[in-house]
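Subject: Structure for your review, with notes

Dear colleague,

Please find below the structure I promised to hand over, followed by an account of what I found in it. I would be glad if you could read the notes with the model open beside them.

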Amino acid sequence: MIDFGIIAAGDGNRIKEEGSYLPKPLVEIEGQPMIGRLISLMEDCGANSVSVIVNSDMPEVWDYLQNLVPQSHCELKMISKKTPSSMHSFYELLNVMKPVDKFIITTVDTIFRSEDFKRYAQYFQNSPKDIDGVMGVTSYIDDEKPLYVETDNENRITAYLDSPVSRIDNPESKVQYISGGIYGLRHSAIPVLQNCIDNGVNRMRNFQRKLVEEGLNLKAYDLGKVLDVDHLTDIQKANSFLASKP
């Protein structure tokens with residue numbers, strides 16, 4: 001069984017400034033708060049536990065999670081804390097998830113089809129031990145600052161790039177995906193994360209780059225269309241996407 005985690009510690013300033021009266025994790029998608037939708041989906045995937053980090057400035061989200069605990073079908077672990085980046089939130093989650101071999105962590109505002117995520121989780125669950133991680137990617141670019149993913153002919157991740165241009169020294173590689181904000185990793189990734197924290201590395205994308213630099217065997221898994229909810233207009237976009245036929 002896999003342990004799951006949700007990063008919901010951001011400020012959600014953009015959607016708040018546009019007039020949302022709800023904290024971002026409680027914005028409803030398919031008639032359900034985003035954070036509740038993710039927890040239910042992870043439970044459906046056979047989660048051993050679901051760990052969630054929420055922003056300490058959002059007590060409404062904490063209260064919502066507390067009310068979920070009695071009806072949860074797996075262990076629900078919660079942290080209330082402000083962090084300087086999603087990478088630091090990732091680190092805080094792993095501190096409460098230990099000991100763990102395989103884990104999947106995603107950001108709360110990442111929207112994908114349930115069936116696609118279930119297939120991804122099953123693929124990662126069945127992946128051989130020589131694979132250190134299976135990262136969720138998409139060819140649909142809806143991010144304001146996408147992180148491009150370079151892969152080889154076997155879909156192994158060879159680089160994370162700020163632009164969709166493959167490196168000159170790797171002519172056989174291709175750049176057809178961006179990071180989907182869904183991270184499936186094994187325990188072998190934890191020392192790399194600790195090293196990033198100890199050396200003052202910031203941003204999730206730099207941690208991902210470090211994973212590649214350290215030689216971890218990471219596979220890219222195409223989740224199909226993946227959206228981010230950053231603005232009020234994204235809510236309707238996400239609902240329309242999920243209601244449409246695959």
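Is E30 buried, partly exposed or exposed? With a relative accessible area of 47%, E30 is partly exposed, since the buried class ends under 20% and the exposed class begins over 50%. Before going further I should say that this is a predicted model, and that the values in this message are computed from it.

**Two loop residues with positive phi**

E30 sits in the loop between β2 (28-29) and β3 (32-33), and its phi is positive, at about 55 degrees, although E30 is not a glycine. A second residue to look at in this respect is R203, whose phi is near 80 degrees, again a positive value in a residue other than glycine. R203 belongs to the loop between α6 and α7, and with a relative accessibility of 46% R203 counts as partly exposed.

**The helices on either side of α6**

Two packed helices are described by the angle between their axes and the distance between the axes. For helix α6 (residues 190-198) and helix α7 (residues 204-213), the axes come within 10 Å and cross at roughly 125 degrees, and the two helices are therefore oblique to each other. The crossing in which α6 passes α7 is right-handed. On the α6 side the contact is made by V192, L193, N195 and C196, which meet F207, K210 and L211 of α7; by class, the residues of this contact divide into 5 nonpolar, 1 polar and 1 charged.

Helix α6 also packs with helix α4 (residues 86-97), at an angle of about 130 degrees and with the axes 11 Å apart, which makes α4 oblique to α6. Here the crossing of α4 past α6 is left-handed. The residues that meet are M87, H88, F90, Y91 and L94 in α4, and I190, L193, Q194, C196 and I197 in α6. This contact of α4 with α6 has 8 nonpolar and 2 polar residues, and no charged ones. You may notice that L193 and C196 appear in the contact with α7 and also in the contact with α4.

**The nonpolar cores**

In soluble globular proteins, nonpolar side chains tend to be buried together. In this model the largest nonpolar core has 45 residues, and those with the most contacts inside it are I35 and V50. The elements that each give two or more residues to this core are β1 (3-8), α2 (34-44), β4 (49-54), α3 (59-68), β5 (75-80), α5 (114-125) and α8 (232-243), and the largest share, 6 residues, comes from α2. Leaving out residues up to four places away in sequence, I35 touches I6, A8, P25, L26, V52, V54, V61, Y64, L65 and V108. Apart from this core lies another one, of 35 residues, with A9, Y91, I105 and Y160 among them.

**Three buried residues**

Which charged side chains are worth a look when you turn to helices α2 and α8? One of them is R37, which has its place in helix α2 and is buried, with a relative accessible area of 6%. Beyond its neighbours within four places in sequence, R37 is in contact with I29, E30, Q32, I111, F112, S114 and L242, so that the loop residue E30 discussed above is one of its partners.

D234 lies in helix α8 and counts as buried at 7% relative accessibility. Setting aside residues up to four places away in sequence, D234 touches D228 and V229. The C-alpha atoms of D234 and H187, which are 47 residues apart along the chain, are separated by 34 Å.

I157, finally, is found in strand β10 (residues 157-161) and counts as buried, at 3% relative accessibility. With residues up to four places away in sequence left out, I157 touches M135, V149, E150, T151, V212, L218, K219 and A220. Between the C-alpha atoms of I157 and E18, 139 residues apart along the chain, the separation is 37 Å.

With best regards

Technical notes:
Residues numbered from 1 in each chain as written. Predicted model: local features only at pLDDT ≥ 70, side-chain atom pairs only at ≥ 80, totals over all residues. Heavy atoms only, no water. Axes fitted to C-alpha atoms, helices over the stretch in contact; angles between N-to-C directions. Helix = DSSP H or I, 4+ residues; strand = E, 2+ residues; numbered from the N terminus. Parallel < 35°, antiparallel > 145°, perpendicular 65-115°, else oblique. Left-handed = near helix turned anticlockwise from the far one by under 90°. Contact = heavy atoms within 4.5 Å. Nonpolar A, V, L, I, M, F, W, Y, C, P; charged D, E, K, R; others polar. Core = buried A, V, L, I, M, F, W, Y, C linked by side-chain atoms within 4.5 Å. Buried < 20%, exposed > 50% of the residue type's maximum accessible area, 1.4 Å probe, protein only.
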